[in-house]
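Work through the exercises below with the model open. Try each task before reading its solution.

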Amino acid sequence: MSAACQSDLTAISDLPAMSFPDGESVPEILINTSLLPSDVDGTEGIDATHDADPAVEMFNNEDPNFDFFKPTDQTVADYFRHNSRTEGFTPPPPGTQLSGEILFRAGYVAGLSTGQAAAFLLHEVLHTLGGIDAQIQKVLGLPTGNGTENISTKLYNDCFKGFKP
Ligand SMILES: [Zn+2]
């Protein structure tokens, strides 16, 4: 493993508590990176663009989206159709009905190399363990506020760029 990848994994192993201007806060999350491969096994990848599950099940009841989608009949597929920049969404634990699933845009993943797909999967698995993008971006020294693909890109460059299946 490259030193850059080792450094990323060390950083990821301790996601700091954070609080945000809107009053939201997240606790510190310790991640045993040696268990990440088995964590991947515990998830289920779903083609979100054909997923008829209710969109409300993507969120826990503390998320404003929960109240937004609850009275609607919108599905996960509708959510992805309306959020064209969302390539993947991993419902966070706890209290989210679809937690444990990794919802992805099939057309996006189909266009990834094996190494890029591995980086995308590693990024999303961190969400199944409770990490949020802002925490991951913080420990990896990445900017926030302009999407979250920079996480997958950094993991790809540091860990999977030379990956050949
Ligand atoms: Zn993310």
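**Exercise 1.** Is H50 buried or exposed?

Solution. This is a predicted model: local features need pLDDT of at least 70, side-chain atom pairs count only at pLDDT 80 or more, and totals for chains, interfaces and linings use all residues. Residues are numbered from 1 along each chain as its sequence is written. Start with the cut-offs. A residue is buried if 20 or more other C-beta atoms lie within 10 Å of its own, exposed if 12 or fewer, and partly exposed in between, with C-beta atoms placed from the backbone. Now count. H50 has 11 other C-beta atoms within 10 Å, so H50 is exposed. Next, place the residue. H50 sits in the loop between β5 (44-47) and α3 (64-69). Helices (H or I, at least four residues) and strands (E, at least two) are DSSP runs, numbered from the N terminus. Finally, relate H50 to F104. The two are 54 residues apart in sequence, and their C-alpha atoms are 10 Å apart in space.

**Exercise 2.** Classify N65, and state how far its C-alpha atom lies from that of G115.

Solution. N65 belongs to helix α3. It has 13 C-beta neighbours inside 10 Å, so N65 counts as partly exposed. N65 and G115 are 50 residues apart along the chain, and 32 Å separates their C-alpha atoms.

**Exercise 3.** Describe the overall fold in numbers.

Solution. Count the elements: the protein has eight helices and seven strands. Then test compactness. The radius of gyration is 16 Å, close to the 15 Å that the globule rule gives for 165 residues, so the protein is as compact as a globular protein of that length. The radius is taken over C-alpha atoms, and the rule is 2.2 Å times the number of residues to the power 0.38. Along its principal axes, the C-alpha trace spans about 50 × 35 × 30 Å. Of the 165 residues, 30% count as buried. Last, take the contacts with a separation of 6 or more: residues 24 or more positions apart account for 63% of them. Two residues are in contact if their C-beta atoms, placed from the backbone, lie within 7 Å.

**Exercise 4.** Analyse the packing of α6 (residues 114-128) on α8 (residues 149-160).

Solution. Take the geometry. The two axes come within 8 Å and cross at roughly 125°. That makes α6 oblique to α8. Angles under 35 degrees count as roughly parallel, over 145 as roughly antiparallel, 65 to 115 as roughly perpendicular and the rest as oblique. Axes are lines fitted to C-alpha atoms, for helices over the stretch in contact, and angles run from 0 to 180 degrees between N-to-C directions. Now list the partners. G115, Q116, A118, A119, F120, L122 and H123 in α6 meet I151, S152, L155, Y156, C159 and F160 in α8. By class, the contact has nine nonpolar, four polar and no charged residues. Ala, Val, Leu, Ile, Met, Phe, Trp, Tyr, Cys and Pro count as nonpolar, Asp, Glu, Lys and Arg as charged, and the others, Gly among them, as polar.

**Exercise 5.** Repeat the analysis for α1 (residues 3-12) and α8.

Solution. The axes are 7 Å apart, at an angle of about 130°. That makes α1 oblique to α8. A4, C5 and D8 in α1 meet K154, L155, D158 and C159 in α8. This contact has four nonpolar, no polar and three charged residues.

**Exercise 6.** Which helices do the buried residues of α8 pack against?

Solution. The buried residues of α8 are I151, S152, K154, L155, Y156, C159 and F160. They pack against α1, α6 and α7 (133-139).
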